[in-house]
Amino acid sequence: MNQSAAVAVTSDTRSLLNALAATFTNNSTTVLGELLQNARRAGASKVEITATAEELTIVDDGRGIEDLRILLSIAKSGWNDEIQSTESPYGLGFISCLFAAERITVASKGKLATAATADLLNLVPMQVQADPIDGATAITLTG
């Protein structure tokens with residue numbers, strides 16, 4: 001019996017997130033490094049870091065995040081062609097935040113989103129709403 005079939009690469013998002021958890025939770029500097037790299041790639045000339053026992057906030061004056069959905073897209077970087085050709089971003093940096101905090105809040109370009117990271121890891125969508133403050137990009141990790 002000679003049958004031919006086509007197969008393609010597929011992905012199981014939950015399994016992939018479990019594998020990424022092992023990668024990102026073993027390196028305490030990954031999250032800060034990834035967020036600072038994103039600010040640099042966005043052309044930020046100023047980055048402000050505020051840290052307390054419960055919260056880390058990074059605010060930058062870069063280009064901002066046009067589409068907040070890109071933050072939760074695995075292996076889809078959203079960077080322009082120049083950044084992609086010179087730096088080869090993997091599209092995983094922001095995902096590291098999911099393993100470093102209990103809650104994330106992102107404000108950029110007049111949009112605001114906040115969610116429990118446990119919900120995001122369980123594939124619950126993060127709601128995006130209008131932000132009355134249309135200023136710098138701010139990412140806050142809580143807990």
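1. A nonpolar core here means a set of buried Ala, Val, Leu, Ile, Met, Phe, Trp, Tyr and Cys residues joined through side-chain atoms within 4.5 Å. With that in hand, and bearing in mind that this is a predicted model, the largest such core has 22 residues. L35, F94, C97, I104, V106 and L141 are the members with the most contacts inside this core. Several elements feed it: α1 (13-24), α2 (30-41), β3 (103-108), β4 (111-116) and β6 (137-142) each supply at least two residues.

2. A word on the overall layout, to help you find your way around. The protein chain has four helices and six strands, and along the sequence they follow the pattern α-α-β-β-α-β-β-α-β-β. Of the 143 residues, 32% are buried. If you look at contacts between residues at least 6 apart in sequence, 52% of them join residues at least 24 apart. The accessible surface comes to about 9,000 Å², and carbon and sulfur atoms account for 51% of that area.

3. C97 is a good place to begin browsing the core. Leaving aside residues up to four places away in sequence, C97 touches V31, L35, I104, T117 and L141. Three of these partners, L35, I104 and L141, also appear with C97 among the residues that have the most contacts inside the core.

4. Next, please have a look at β6. Five of its six residues are buried, so this strand is largely enclosed by the rest of the structure. Which strands pair with β6? Strand β2 (residues 55-60) pairs with β6 in the antiparallel sense over six bridges, and β3 pairs with β6, also in the antiparallel sense, over five bridges. Two residue pairs are handy for checking the register on screen: L56 stands opposite L141 in β6, while R103 has T142 of β6 as its bridge partner. L141 thus links several of these points, since L141 faces L56 across the strands, touches C97 and ranks among the core residues with the most contacts.

5. Not every nonpolar side chain is tucked away. L32, L36, V47 and I49 form a nonpolar patch on the surface, and together they have about 270 Å² of accessible area. Both α2 and β1 (47-51) supply at least two residues of this patch. I49 belongs to strand β1 and is partly exposed, because its relative accessible area of 43% falls between the 20% and 50% limits. Note that α2 contributes to the core as well, so you will meet this helix both there and at the patch.

6. Finally, the charged pairs. How many salt bridges does the structure hold? There are two. In one, E66 pairs with K109, and the closest N and O atoms are 3.2 Å apart. E66 lies in the loop between β2 and α3 (81-87) and K109 in the loop between β3 and β4, so the pair ties together parts that are 43 residues apart in sequence. E66 is exposed, with a relative accessible area of 57%, whereas K109 is partly exposed at 35%.

7. The other pair is D67 with R69, where the closest N and O atoms are 2.9 Å apart. Here D67 is partly exposed, at 32% relative accessible area, and R69 is exposed, at 64%.

Technical notes. Residues numbered from 1 in each chain as written. Predicted model: local features only at pLDDT ≥ 70, side-chain atom pairs only at ≥ 80, totals over all residues. Heavy atoms only, no water. Buried < 20%, exposed > 50% of the residue type's maximum accessible area, 1.4 Å probe, protein only. Contact = heavy atoms within 4.5 Å. Pairing = 2+ DSSP bridges. Patch = residues over 30% accessible without salt bridge, like charges linked within 9 Å, V, L, I, M, F, W, Y side chains within 5 Å. Areas by Shrake-Rupley, 256 points an atom, 1.4 Å probe, with all protein chains shown as cover. Salt bridge = Lys/Arg side-chain N within 4 Å of Asp/Glu carboxyl O.
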